[in-house]
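Here are my notes from going through this model, in the order I'd click through it. Have the viewer open and follow along.

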Amino acid sequence: MQVTIHPSWKSLLNDEFDKPYFKTLVEFVKEEYKTRRCYPKGTQIFSAFDYCSFEDVKVVVIGQDPYHGQGQANGLCFSVNDGVPFPPSLINIFKEIESDLGIPVPITGNLERWAHQGVLLLNATLTVRENEAGSHQNKGWETFTDAIIQQVSEKKENVVFLLWGGFAKKKGTRIDRTKHCVLETGHPSPLSANRGLWFGNKHFSKANAFLRNKGLQEISW
């Protein structure tokens, strides 16, 4: 696995790449991709950074693992490749957008269009074995993605962080809430959404209201 990451991020993360934990992580991921079926494709592991440069980050969404079904994951959290049926969490995200902003459910679940507008779609763990959720957790990815959140928090201002579910909220401890907007709610998975912890959060209109108030371009969700 080559660490090919957008230059704007590479300069920030060079020190991270040199740390022992990251070198161990790279060896683990290389071996996994060689001996198992893993997702996303190797060239898409760092897609979140390729589609959204550090300078462009306006919103951060934090997921857990990539989708572990065949052909689903494309390196952006909650996103699936064109033509892939929407997973339940993504269906609920689109339902909330429709309720909140009146935007109809799109024909594709590929969220590259968000990333191009400055939405960093970051999974806490960037790789996974096929059909084995959580299989690449606690191997070093979480340390790496913590460092990314820290860099965004420290070096930028007026970023909207959307923290959905307990896992994302824990990551939120690294965010300076005096200079960023942090919106928290339940996870969009059916388990959480059906218990009344997701629908009606209005995060998408709230995020745009914050950006507008700071003189920044809103996101076309």
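The points below go from the sheet and the core to backbone oddities, salt bridges and one glutamine.

1. First, a reminder: this is a predicted model. Everything that follows is computed from its atoms, so please read the distances and angles in that light.

2. Let's start with the sheet. It is an open one built from 4 strands, in the order 3-2-5-6, and the pairing is parallel. Which strands stand at the edges? Strand 3 (119–123) and strand 6 (181–185) do; each has a single partner strand, so one side of each is left without a neighbour in the sheet. On average, neighbouring strands are turned by 20 degrees against each other, ignoring direction. As background, strands of a sheet pair through backbone hydrogen bonds, either parallel or antiparallel.

3. For a closer look at one pairing, take strand 5 (residues 160–164) and strand 6. They run parallel and are joined by 5 bridges. If you want a residue pair to click on, Leu162 has Leu183 in strand 6 as its bridge partner.

4. Helix 6 (residues 141–155) is worth finding early, as several points below come back to it. The helix lies across strand 2 (59–63), strand 3 and strand 5. Its direction is at about 155 degrees to strand 3.

5. Now the core. In soluble globular proteins, nonpolar side chains tend to be buried together. Here the largest nonpolar core has 67 residues, and those with the most contacts inside it are Trp9, Phe49, Trp114, Leu120, Phe144 and Trp221. Which element gives this core its largest share? That is helix 2 (residues 20–35), with 6 residues.

6. Trp114 makes a good centre for a zoomed view of that core. Neighbours within four places in sequence aside, its contacts are Ile93, Phe94, Ile97, Val119, Leu121, Phe204, Ser220 and Trp221. Trp221 is also listed with Trp114 among the core residues that have the most contacts.

7. Next, the backbone. Most residues other than glycine have a negative phi, and most peptide bonds are trans. Where does this model depart from that? The peptide bond from Tyr39 to Pro40 is cis, with omega near -5 degrees. Pro40 sits in the loop between strand 1 (38–39) and helix 3 (47–51).

8. Two residues to flag on a Ramachandran plot are Asn158 and Lys202. Asn158 has phi near 60 degrees, positive though the residue is not glycine; its loop runs between helix 6 and strand 5. With a relative accessible area of 23%, Asn158 is partly exposed. Lys202 has a positive phi of about 55 degrees and isn't a glycine either. You'll find Lys202 in the loop between helix 8 (190–193) and helix 9 (203–213), and at 39% relative accessibility it counts as partly exposed.

9. On to charges: the whole structure has 10 salt bridges. Arg37 and Glu130 form one of them, at 3.8 Å from N to O. Arg37 is in the loop between helix 2 and strand 1, Glu130 is in the loop between strand 4 (128–129) and helix 6, and the two are 93 residues apart. Glu130 is partly exposed, at 21% relative accessible area. There is also a salt-bridge network linking Glu32, Arg36, Arg129 and Glu132.

10. Asp146 takes part in salt bridges with Lys171 and Arg174. The N to O distance is 2.7 Å for Lys171. Lys171 lies in helix 7 (residues 166–171) and Asp146 in helix 6, so the pair ties together parts that are 25 residues apart in sequence. For Arg174 the distance is 3.3 Å; Arg174 belongs to the loop between helix 7 and strand 6, 28 residues from Asp146. Buried or exposed? Lys171 and Asp146 are both buried, with Asp146 at 17% relative accessibility, whereas Arg174 is partly exposed at 34%.

11. Last, Gln72, in the loop between strand 2 and helix 4 (88–101). The Gln72 side chain reaches the backbone nitrogen of Gly69 at 3.0 Å. Beyond four places in sequence, Gln72 is in contact with Tyr67, Ser79, Val80, Asn81, Val84 and Pro87.

Key: Residues are numbered from 1 along each chain as its sequence is written. This is a predicted model: local features need pLDDT of at least 70, side-chain atom pairs count only at pLDDT 80 or more; totals for chains, interfaces and linings use all residues. Side-chain values use heavy atoms; hydrogens and water are left out. A nonpolar core is a set of buried Ala, Val, Leu, Ile, Met, Phe, Trp, Tyr and Cys residues joined through side-chain atoms within 4.5 Å. Buried means under 20% relative accessible area, exposed over 50%, partly exposed in between (1.4 Å probe, protein chains only). Contact means heavy atoms within 4.5 Å. Two strands pair if DSSP finds at least two bridges between them. Axes are lines fitted to C-alpha atoms, for helices over the stretch in contact, and angles run from 0 to 180 degrees between N-to-C directions. A salt bridge is a side-chain nitrogen of Lys or Arg within 4 Å of a carboxyl oxygen of Asp or Glu. A polar contact is a pair of N or O atoms within 3.5 Å; within protein, one must be able to donate a hydrogen and the other to accept it, and residues adjacent in sequence count only if both atoms are side-chain atoms.
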